[in-house]
Every structure is written in C-alpha cells, then in structure tokens.
Amino acid sequence: MKLKHTLLALTLSAVLPVAALAAEVNLLNVSYDPTRELYQDYNAAFAKFWQAKGGEKVTVRQSHGGAARQARAVIDGLEADVVTLALAYDIDEIAEKAKLLPADWQKRLPHNSSPYTSTIVFLVRKGNPKNIRDWDDLAKPGTSVITPNPKTSGGARWNYLAAWGYALKKFGSEDKAREFVAQIYKNVPVLDTGARGSTTTFVERGIGDVFISWENEAFLAIKELGPGKVDIVVPSLSILAEPPITLVDRVVDKRGTRKVAQAYLDFWYTPEAQEIAAKNFYRQIDPKIAAKYAKQFPKVALFKIDDVFGGWQKAQKLHFADGGVFDQIYQPGKK
Amino acid sequence: MSAELAINAPQVIARKPARKATSESGLVRFVLIGLALSYFALLVLTPLFAVFYEALKKGAEAYFTAITEPDALSSIRLTLMVAAVAVPLNLVFGVAAAWAIAKFEFRGKSLLITLIDLPFSVSPVISGLIYVLVFGLQGWLGPWLQAHDIKVIFALPGIFLATVFVTVPFVARELIPLMQAQGSEEEEAALVLGASGWQTFFRVTLPNIKWGIVYGVILCNARAMGEFGAVAVVSGHIRGLTNTMPLHVEILYNEYQFSAAFAVASLLALLALVTLVIKTLVEWRVKH
C-alpha cells in the first residue's frame, strides 16, 4: 500500500513539480464543451481575486467535453472539485448514481445555481442563402441541419427542447410537436458528441445549411473565425438555457478544498465575474450588468424548461432516456 | 576506365536475355514506379508537408510559443513518460512471449498467440472502456480503490495501462516469425556445449533477433506516443495533467487555435522522424 502511494506520488510529482509546494491549491473544474474560453478568463480572474483576499495561489485545471460524457466521467471517478455543466439533469445524475453530492444541490446557490445563462440561436452561411428565419425552415425538406447528439451533449438537449417548445406553442399538440421535431432530425446529416465538435463541422468542414447553437458559441464562432463566414439568425421563440454550477461534496471534503471551491463558485455572483460572462457572450443574471450589455444580445422571446416540460427530470426521462422520444424519432439512414 | 568497360560489357550482354524474361518494358516500369511514387506523395508526403506548413504559417515565434506554453510542455512530458513506461514493459514481455512461442511447445500456445493479437483486433476505444469498467468508481475494483485512495483511471496509471495494452503486440509480433524462421538449432548447440540458459539467451538468441527488437521497439514507441482512442477514454482530459500530445492537439484544434494544434502535431511528426533517424543510425553503426 505504502509503496503504491509513494509510486503514485513520485509519478505525480514528476508531472507536477509545483504541486508539492505549500500555500498552493489545485482545483479541477469539469465543464461542458463551449465554456473553454469563458473559464480561461474566469480562472485567471478568480486566482487574482483569491490571492488579493489573502488566500493561497489557486490553479484551476479544466476538463471539457459533451456535458453527459463529462458527468459520466465524474460518476466513473474523475475527481472534480466543481462541476459546471450544461444542464441540471447531468448533475442530478452525479448525485443519483454516484452520491457525490446531495440531491438538492441546485438550491444551494442563487438563480438555480446558474450564474450565467444563454439561449439557442441559429448560425447560417453568410448572407443566409437558404433564407432561414425560424424553426419552420429547419423542418423543410432539403435543409441540412447541424446539431450535436442529445445523448452526450447538453447543448443538443437544449436545442431539441427549444424546437419542441416552439412547435408545441405553434401547433398546440404534443403529437404535432413530435412530428415537427422528427422532421428536423431527418435533416441532420451528422451528430457530433459535443457542441464544439458541431461548430467545427459546420464552420470548418462546411457541412450543413444551419447550425442550431448556443448563443455564446455562435458569437464566439463569428469572433474567432471572422464575420465573413457565418451569420446569426434569431428564432421567434427559444429556450432560456441555465447551465448550473456546484460543488462535488465528497471530492472537496476528501481533498480539503471545500473553502476555496466554494469561494470559486461564489465569485460568479460578483459584478466582476458577470462582466467576464458578458465578454464571453453569456447572458448575465445581474440586472445592472445585463443593462450595460443589452445591445450585445438580440431580443428573443424565451420560455423556461420548468414551464413547458415540468423540469429536467421529466424532460430527460420522456425524451432522452433509452427508448425515449428521441430514440423513437431519430433513426439514421431511414428517410 | 576502358578496362572496366571491357569487363562490364560481356556481363551486360550476358544478362540481357535474363532481363527480358523477368522485367517489364520501360513504359510499364515508368508507369508503375510513377504510380507508386505519386501514391506515396499523396498519402504520406503531402499531409506531412501540410502539418509543417500549417504549423509555421503564423511564423516561428507563434510556433515556439505554442510548443512552450505550460499545457503543451506538460503534454509533451506526459507523452514521453508514457512511452518510457510502455516500451520497456512491452520489450520485456514481447521478447519473453516470442521466445516461449517460437522455441517451445506447450499447451495453450495458440491461446497465447490469440491474446497477443487481441489489442490489434479490438478497437482502441474498447481498450479504454474496459479499464473504466474495471477501475472506474462504479466498476468492479472502483470502490476498493476509492477506499484506499488509489487513482487509476483519469490519472497517470490508467493512461499507462491503456497504452501498454494497445502496444502489446508490436515487439512480440515482430519477433515471433523471425525466431520461428531461425529455429532452435543454435540454442541446442550452445546448450550441448555447456552454456547455461541465460548464457544461451544473451549470447545466442539475443544477437540473432536484435534487429527485430529494434524494429519492434520503434513501432511500439510510435504507437505509444501517438495513441488517441484508448487514452482519450481513460484520460479525463484534465489540462496540464492528463493530456497527452494527441489529446492536446485535439483540444487546441477545437479551440480555434489551428496553428498551435499543428505546431504540437508537427512535434509528434518530428518525434516519429527522429525515431526513424535513430534506427537508421544504429543500423549504419552496426554494419560499419
């Protein structure tokens, strides 16, 4: 036993020569796909903030991927101090399957533990050659639609529910909504595992006419790849996406990082952090900052998942579980 | 000069009829060689060139920034460590397995051969997943490992395990046919002359197979450094900690840092080229 510990410590210290120093703490933030740039900025700001407050030197390590896949990794033992995933259900899974945190985790921080929000918009080719204006255009035959796989990606589930919510409001019946969403998924040539993979498929590989995307991801793609390639189209109705954050209690208690991890999460609710969210194209919960950046974000009518689907637990079980509605309507190869 | 010509001339004449029977006309040869070369250029040289071109597109400075930033350095270090663990282990295992298979008859020999081939026939993703199933928190050994605070997957041991698994066949597969072709007469002679088992191995067996070993090690090393699928499953993708170079390339590419992605990719390509150069040098040294 002792030997194994020593060996492990040796290998680790070879990779991490600084880890042994005192007054330095490492956190691991397991996040979803499009938050890479957001947390780069946020981690740097938090490290400064924490040291200014007299805390230790904090290094926050990041792991990114499709939200469900990331949750799976935490369940399988990836030792995340905090998880910042795309939607509440994936954190529910961690609470339920691995019992790493209490089931009522979402009540622990303000605003459903979601310090930044976003929504779902469309990204189209420059000049919008297919004249895509709203969800209806995505269901038309001959439109090629890019969206990630709802089984592995959180963003993809928001996409799916946004389309469903639109159809439900327009047609007024679950059956019609199901038909409508099935039509859209018939137009999907490839399902990537995470949002960023889909962005690359659409923008870099040039596949598809329209990409259903996180708003922040759409803005980022335009910023990174130049405004000459793609345009944003805002649908008439979309969903309020709330990506939640939380502590992984069993991990922070074991590693003794609860205090700094809690501070890391609380920092989100400061004006400074809200500015970081805005600069990375996430919508803010702080009304003052939101007013300041109001021009940056298009006005969209938004509905909440709780109002239309009765919350994530219900939505997940009905739509995305094995054999659920998504499995029934998405049958690749069949037209 | 003229003497040489005089000597050569009859040979040429003497060879001519033989040539006609065994070789094709100039045009056919030209076309075949041309085809082979353009195939090679298209599939190997162009992508290799593209990697370096893309890597250096933003200038040498950007290139060096990309390969010296901390996450890149840690991925390079980890990749070298993985190779340093996987290659020696598989060298020892490969030689032992090939020796047993080629020189002895025993029950279960074909089973052993099948097992050695298993990593070739199983998809690397599955190779990674089996370790998650065994060592993961919800897996067979997970709770026990957790209780004793031993991390296997999403940490270095898992990456080592997965890499060792996928590179098992390289040395053994290289040596088995070679040793089988050589037979065991020389070893038997050594034993008859009074050599001990170890003496026989080090003085007779090993010198006979050294080129096979070098070749196997080179292939094993290349795969150990380049493995993506199996490592991706067990790594957890923690930047600066459990990202190997191939994983780091993917991350950079997904973060719109195309030049940086190709810069790290070019390092992987360079590592491969360096291994080839070392191999050629060693061969040359031994021959001279």
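Let me start with F281(A), which counts as buried because its relative accessibility is 13%, and the cut-off for that word is under 20%. I should say at once that we are looking at a predicted model, and every value I mention is computed from it. F281(A) sits in the loop between α12 and β10 of chain A, and although it is not a glycine, its phi is positive, at about 70°. For background, most residues other than glycine have a negative phi.

There are two further residues to set beside that one. In chain B, D149(B) is a residue other than glycine with a positive phi near 55°, and its place is the loop between α7 and α8 of that chain. Is D149(B) buried or exposed? It is partly exposed, because its relative accessible area is 40%, and partly exposed covers the range between 20% and 50%. Back in chain A, K99(A) follows helix α4(A) and has a positive phi near 55°.

That brings us to α4(A) itself, residues 88–98, which is mostly covered, with nine of its 11 residues buried. Among the buried ones you can find Y89(A), D90(A), I91(A) and I94(A). What do the buried residues of α4(A) pack against? Their partners in chain A are the helices α3, α6, α10 and α15, together with the strands β3 and β9.

Helix α6(A) is worth keeping in mind as we turn to the nonpolar cores. In soluble globular proteins, nonpolar side chains tend to be buried together. Here the largest nonpolar core has 119 residues, and those with the most contacts inside it are W135(A), Y160(A) and W312(A). The largest share of this core, nine residues, is supplied by α6(A), which runs over residues 154–171. If we leave aside neighbours within four places in sequence, W135(A) is in contact with a list of residues that includes I120(A), F122(A), A162(A), Y166(A), F180(A) and L237(A). Another core, of 21 residues, lies apart from the largest one, and A55(B), A224(B), L252(B) and A260(B) are among its members.

A single buried position in chain A makes a useful stop here, namely V260(A) in helix α11(A). V260(A) counts as buried because its relative accessibility is 3%. Beyond its neighbours within four places in sequence, V260(A) is in contact with V25(A), L27(A), F46(A), W50(A) and V58(A).

Finally, let us compare two helix pairs, beginning with α2(A) and α12(A), whose axes come within 9 Å and cross at roughly 160°. Because of that angle, α2(A) is roughly antiparallel to α12(A), and their crossing is right-handed. On the α2(A) side we have L38(A), D41(A), Y42(A) and A45(A), and these meet E272(A), A273(A), I276(A) and A277(A) of α12(A). By type, the contact residues are six nonpolar, no polar and two charged.

The second pair is in chain B, where α8(B) and α10(B) pack at an angle of about 155°, with their axes 9 Å apart. That angle makes α8(B) roughly antiparallel to α10(B), and the crossing is again described as right-handed. The residues of this contact divide into 13 nonpolar, seven polar and two charged. Those from α8(B) include F170(B), L175(B) and M179(B), while those from α10(B) include I213(B), Y215(B) and A224(B), and A224(B) is one we have already met in the core of 21 residues.

Definitions and conventions: Residues numbered from 1 in each chain as written. Chains lettered and ligands numbered in written order. Predicted model: local features only at pLDDT ≥ 70, side-chain atom pairs only at ≥ 80, totals over all residues. Heavy atoms only, no water. Axes fitted to C-alpha atoms, helices over the stretch in contact; angles between N-to-C directions. Helix = DSSP H or I, 4+ residues; strand = E, 2+ residues; numbered from the N terminus. Parallel < 35°, antiparallel > 145°, perpendicular 65-115°, else oblique. Left-handed = near helix turned anticlockwise from the far one by under 90°. Contact = heavy atoms within 4.5 Å. Nonpolar A, V, L, I, M, F, W, Y, C, P; charged D, E, K, R; others polar. Core = buried A, V, L, I, M, F, W, Y, C linked by side-chain atoms within 4.5 Å. Buried < 20%, exposed > 50% of the residue type's maximum accessible area, 1.4 Å probe, protein only.
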